[in-house]
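User: I would like to go through this model in short questions and answers. Please keep the reasoning visible.

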Amino acid sequence: MKVTFPHMGNLWIALKALFEKLGHEVIPPPPVTRNTIELGVRYAPEFACLPLKVNVGNFIEGLEKGAETVVMLGGSGPCRFGYYAQVEREILKDLGYSFNIIVVDPPMGDWQRFLQDLQPLGNGCGWREVWDALTLAWEKIKALDQIHRTLLKVQFYNPRVTWKCYDHAVKAINGVDDKKLLQRATSEGIRKLALFSENQNGTFAPLKIVIVGEVFMMWEPYVNLDLEKALGGMGVEVIRSAYLSDWICDNVLFNPRHMLRRIKFKKAAKPYLNCFIGGHGWESVGESVLYARKKIDGIIHVLPFTCMPEIVAQSILPAVSRDYHLPVLTLSLDEHSAQAGFLTRIEAFVDLIRERKQITA
Ligand code: SF4
């Protein structure tokens with residue numbers, strides 16, 4: 001099969017490794033650009049959320065490059081995510097593309113159905129090969145997250161060079177198809193990045209800002225207008241509240257440590273929100289409270305304009321901000337968001353918390 005899928009941050013690297021190992025021809029969607037968004041905006045419903053529009057753009061770009069099968073994650077729950085794959089299929093069919101779509105819904109305890117969904121992607125491989133492909137993809141996801149975490153801890157020392165090191169490490173991880181080489185590329189990337197903090201004399205204390213919100217907006221730098229890099233350039237240590245590996249541990253692997261974290265965030269969110277509202281809305285509230293109890297200087301909440309779960313979270317976060325005396329900035333983004341106004345808002349927020357810190361020091 002000639003397979004394509006959503007680009008979303010570094011997800012494409014893991015999916016490319018997975019499908020290549022299974023013997024498919026992989027047509028990764030090109031990185032998200034203005035063109036991707038324009039395609040999505042042209043063909044998706046106006047009030048659809050931005051991630052859907054970006055996915056439509058990704059798929060059109062992938063299909064134009066020769067892909068015949070689109071792989072998309074399914075979902076359930078109160079927000080629109082459960083309809084994404086169906087809406088995307090209808091849009092692409094109306095445009096005249098001839099393709100097959102495979103929708104993989106998270107197992108939610110029904111492993112038989114989950115494995116059935118995955119069967120066409122198995123490409124006739126034996127269990128051993130499928131296992132090797134899945135574990136390689138998983139190791140890549142963990143490696144990419146580790147490198148990213150390390151980058152965020154040091155990028156404020158030298159944004160230009162640290163991001164260069166990071167890009168180099170990501171490229172190396174993308175280029176290997178063996179777990180041993182992957183380990184080597186990861187340790188090398190982490191070692192190089194860690195040097196930036198080792199070379200400091202420990203006197204510089206950066207502001208610490210946590211990013212919470214809708215996961216696509218957190219993980220895809222093009223749509224969040226390079227928020228993390230911009231903050232790094234302002235001398236801020238960024239803490240991303242969730243990575244792709246966390247999402248997989250929560251929704252697919254049901255990792256006990258993550259289950260414990262989930263219990264904690266639900267307890268923390270309880271005075272404000274006590275039920276699942278779809279997407280990542282519950283997490284945005286709970287994680288904000290958990291982080292607010294730690295020594296951080298501010299929270300930035302990112303969401304796509306019209307995202308239902310995050311609009312609920314947005315309406316709650318001012319109460320969290322008031323109760324914990326912590327500045328919170330909400331950034332609602334869509335295809336019209338532009339770098340200039342966006343940077344001005346972030347700069348103002350960072351200046352505010354920097355002054356606040358000096359006054360309370
Ligand atoms: S979480 Fe928000 S952005 Fe994602 S599908 Fe649901 S409504 Fe859309």
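Analyst: A residue is buried if 20 or more other C-beta atoms lie within 10 Å of its own, exposed if 12 or fewer, and partly exposed in between. The model is a predicted one.

User: Is leucine 225 buried, exposed or partly exposed?

Analyst: Leucine 225 sits in the loop between α9 (215-219) and α10 (227-233). Its count is 19 C-beta neighbours inside 10 Å. Buried needs 20 or more. Therefore leucine 225 is partly exposed.

User: What is the phi of leucine 225?

Analyst: Most residues other than glycine have a negative phi. Leucine 225 is not a glycine, yet its phi is positive. The value is about 55°.

User: Which class, buried or exposed, fits phenylalanine 254?

Analyst: Phenylalanine 254 lies in the loop between α11 and α12 (256-269). Its phi is positive, about 50°, although it is not a glycine. It has 12 C-beta neighbours inside 10 Å, so phenylalanine 254 counts as exposed.

User: How far apart in space are phenylalanine 114 and valine 161?

Analyst: Phenylalanine 114 belongs to helix α5 (residues 111-118). It counts as partly exposed because it has 15 C-beta neighbours inside 10 Å. In sequence, 47 residues separate phenylalanine 114 from valine 161. From C-alpha to C-alpha, the distance is 42 Å.

User: How many residues of helix α1 are buried?

Analyst: Helix α1 spans residues 11-21 and is mostly covered. Its buried residues include Trp12, Ile13, Leu15, Phe19 and two lysines, Lys16 and Lys21. Among the elements covering them are β1 (2-4), β2 (25-26), α6 (127-154), α7 (159-175) and α11 (244-253). The buried count for α1 is 10 of its 11 residues.

User: Which residue with a positive phi follows α1?

Analyst: The phi in question is near 85°. The residue that has it is glycine 23.

User: How are α6 and α7 oriented, roughly parallel or roughly antiparallel?

Analyst: Two packed helices are described by the angle and the distance between their axes. The axes of α6 and α7 come within 10 Å and cross at roughly 175°. Angles over 145 degrees count as roughly antiparallel. So α6 is, relative to α7, roughly antiparallel.

User: How many nonpolar residues are in the contact of α6 with α7?

Analyst: On the α6 side are Lys140, Ala143, Leu144, Ile147, Leu151 and Val154. They meet Thr162, Tyr166, Ala169, Val170 and Ile173 of α7. The classes include 1 polar and 1 charged residue. The nonpolar count is 9.

User: Which helix gives the most to the side of domain 1 that touches domain 3?

Analyst: The chain divides into domain 1 (2-125), domain 2 (127-202) and domain 3 (205-361). The contact takes 19 residues from domain 1 and 21 from domain 3. On the domain 1 side, α2 (34-43) and α3 (50-64) each supply at least two residues. The most, 4 residues, comes from α3.

User: How far apart are the C-alpha centres of domain 1 and domain 3?

Analyst: These centres are taken over the C-alpha atoms of each domain. Their separation is 26 Å.

User: Which helix supplies the largest share of the shell around the ligand?

Analyst: Of the 13 residues around the ligand, Cys49, Cys79, Phe81, Gly279 and Cys307 come nearest. The shell divides into 8 nonpolar, 2 polar and 3 charged residues. Domain 1 and domain 3 each give at least three. The largest share, 3 residues, comes from residues 308-324, helix α14.

Definitions and conventions
Residues are numbered from 1 along each chain as its sequence is written. This is a predicted model: local features need pLDDT of at least 70, side-chain atom pairs count only at pLDDT 80 or more; totals for chains, interfaces and linings use all residues. A residue is near a molecule or strand if its C-beta atom, placed from the backbone, lies within 6 Å of it. Ala, Val, Leu, Ile, Met, Phe, Trp, Tyr, Cys and Pro count as nonpolar, Asp, Glu, Lys and Arg as charged, and the others, Gly among them, as polar. Domain bounds come from an automatic or database domain assignment. Two residues are in contact if their C-beta atoms, placed from the backbone, lie within 7 Å. Axes are lines fitted to C-alpha atoms, for helices over the stretch in contact, and angles run from 0 to 180 degrees between N-to-C directions. Angles under 35 degrees count as roughly parallel, over 145 as roughly antiparallel, 65 to 115 as roughly perpendicular and the rest as oblique.
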